[in-house]
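Visitor: Could we go through the charged side chains and the cysteines together? I'd like to see the structure before we begin.

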Amino acid sequence: MQFDLNQFLTKSTVPAEREFVLECNEQDFSGYRIEPPCNVQFSAKHEGSRAMLEISFSVKVQTECARCLEPVVQEFELKQQYVVSLDELQEDMCELPISGRGMLDLDELARSEIDLQIPQVILCDEQCKGLCPVCGKPRKLGCSCETQQADERLSVFEQLLS
């Protein structure tokens with residue numbers, strides 16, 4: 001979805017609001033998948049000669065726990081505000097995904113907020129103990145593996161740390 005930011009800053013005086021569904025496929029994000037639907041709310045208001053932009057939405061992320069590799073679904077509330085002036089548009093100084101004609105790509109803006117705000121490491125539980133280094137089973141299921149003894153050649157380092 002496109003929003004004409006140039007026209008909004010130069011000709012419009014009333015606030016603008018847009019709602020749309022962000023289409024996400026598995027190639028859009030590395031390491032996780034976004035469950036549809038992803039309903040996005042966008043608003044633009046005048047603040048003097050500048051525009052106050054706000055984008056907000058909630059996303060359900062499907063991924064694997066970074067420690068035990070169990071499936072995880074977590075929901076995140078994302079909200080970001082931007083302030084843009086006409087000078088920034090004319091000088092191409094704006095960090096937003098804007099074309100040369102002043103068109104703001106709302107889909108790309110929402111995707112970049114997902115990339116920036118979703119943590120790279122998602123856990124099933126903060127107390128997750130991960131996988132057993134011996135048998136590879138999740139530790140929360142329990143295993144009877146003996147912990148490995150430290151290599152005797154590394155005992156010198158243990159003495160240094162004591």
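Guide: Before we start, one cut-off is worth having in hand: a residue is called buried under 20% relative accessible area, exposed over 50%, and partly exposed in between. Please also keep in mind that this is a predicted model.

Visitor: Fine. How many salt bridges does the structure hold?

Guide: The structure holds two salt bridges. In one of them E47 pairs with R50, and the closest N and O atoms are 3.2 Å apart, while in the other the side chains of K79 and E54 meet at 3.9 Å, N to O.

Visitor: Which parts of the chain does that K79 and E54 pair link?

Guide: The pair links distant parts of the chain, since K79 belongs to strand 6 (residues 71-85) and E54 to strand 5 (residues 50-64), with their positions 25 residues apart in the numbering.

Visitor: And is K79 buried or exposed?

Guide: K79 counts as exposed, because its relative accessibility is 53%.

Visitor: Back to the other bridge, then: why do E47 and R50 count as partly exposed?

Guide: E47 has a relative accessibility of 38%, so it counts as partly exposed, and R50, also at 38%, is therefore placed in the partly exposed class.

Visitor: What about E35, where is it found?

Guide: E35 is found in strand 3, which covers residues 33-35. E35 is buried yet has no salt bridge, and the nearest side chain of opposite charge, that of K60, is 4.6 Å away. A salt bridge needs the nitrogen and the carboxyl oxygen within 4 Å, so a separation of 4.6 Å does not qualify.

Visitor: Which side chain does E35 have a polar contact with?

Guide: The side chains of E35 and Q62 are joined by a polar contact of 2.9 Å. If neighbours within four places in sequence are left aside, E35 is in contact with K60, Q62 and V73.

Visitor: Changing topic: how many disulfides are there?

Guide: The count comes to zero disulfides. C38, for instance, is in no disulfide, and the nearest cysteine sulfur, in C24, is 5.2 Å away. C38 is also buried, with a relative accessible area of 2%.

Visitor: And why is C65 not bonded to C68?

Guide: The sulfur of C65 is 3.7 Å from that of C68, its closest cysteine sulfur, which is too far for a bond, because a disulfide requires the two sulfur atoms to lie within 2.5 Å. As for its surroundings, C65 counts as buried, because its relative accessibility is 1%.

Technical notes: Residues numbered from 1 in each chain as written. Predicted model: local features only at pLDDT ≥ 70, side-chain atom pairs only at ≥ 80, totals over all residues. Heavy atoms only, no water. Buried < 20%, exposed > 50% of the residue type's maximum accessible area, 1.4 Å probe, protein only. Helix = DSSP H or I, 4+ residues; strand = E, 2+ residues; numbered from the N terminus. Lys, Arg positive; Asp, Glu negative; His and termini not counted. Polar contact = N/O pair within 3.5 Å; in protein donor to acceptor, adjacent residues only side chain to side chain. Contact = heavy atoms within 4.5 Å.
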